[in-house]
Amino acid sequence: MSKILVISGHPDYKESKANRAILDEFHRLVPAADIVYLSEEYPDWNIDVEREQHRLTAACSGSE
């Protein structure tokens, strides 16, 4: 079975009301899901595309 992966691209998740509420509640309901906060992993927004593509592929295939 595939993993659940949520990628948040909100530029300021910590200051967001709606996005933070949605993702916090989702995490509470589905604690096994992986949630990636791009703004925290890449504060300069220089996203490692290859890494993120691998992350998506791994989630789809159920491997890491």
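The following paragraphs lead the reader through selected features of this structure, which is a predicted model.

A suitable starting point is the pairing of aromatic rings. Searching the whole structure yields 1 aromatic pair. Its members are Tyr13 and Tyr37, whose ring centres lie 4.4 Å apart, with 45° between the planes, and the pair is classed as tilted. This pair links distant parts of the chain, since the two residues are 24 residues apart. Tyr13 belongs to the loop between strand S1 (5–8) and helix H1 (18–29), whereas Tyr37 is part of strand S2 (residues 34–37). Tyr13 and Tyr37 are both buried.

The surface offers another view of the chain. Here a nonpolar patch is formed by Trp45, Ile47 and Val49, which together have about 250 Å² of accessible area. Trp45, one of these residues, is located in the loop between helix H2 (38–41) and H3. Trp45 counts as partly exposed because its relative accessibility is 37%, and this class lies between the limits of 20% and 50%.

Helix H3 itself spans residues 49–61 and includes Leu56. With a relative accessibility of 42%, Leu56 is therefore also assigned to the partly exposed class. Apart from neighbours within four places in sequence, Leu56 is in contact with Leu5 and Ile7. In the case of Leu5, the two residues are separated by 51 residues in sequence, and the distance in space is 7.6 Å from C-alpha to C-alpha.

Notes
Residues are numbered from 1 along each chain as its sequence is written. This is a predicted model: local features need pLDDT of at least 70, side-chain atom pairs count only at pLDDT 80 or more; totals for chains, interfaces and linings use all residues. Side-chain values use heavy atoms; hydrogens and water are left out. Helices (H or I, at least four residues) and strands (E, at least two) are DSSP runs, numbered from the N terminus. Buried means under 20% relative accessible area, exposed over 50%, partly exposed in between (1.4 Å probe, protein chains only). Contact means heavy atoms within 4.5 Å. Patches are made of residues with over 30% relative accessible area and no salt bridge: like charges are joined within 9 Å, nonpolar side chains (Val, Leu, Ile, Met, Phe, Trp, Tyr) within 5 Å. Accessible areas come from the Shrake-Rupley method with a 1.4 Å probe; for residues, only the protein chains shown count as cover. A salt bridge is a side-chain nitrogen of Lys or Arg within 4 Å of a carboxyl oxygen of Asp or Glu. Rings of Phe, Tyr and Trp (its six-membered ring) pair if their centres lie within 6.5 Å; planes under 30 degrees apart count as stacked, over 60 as edge-to-face and the rest as tilted.
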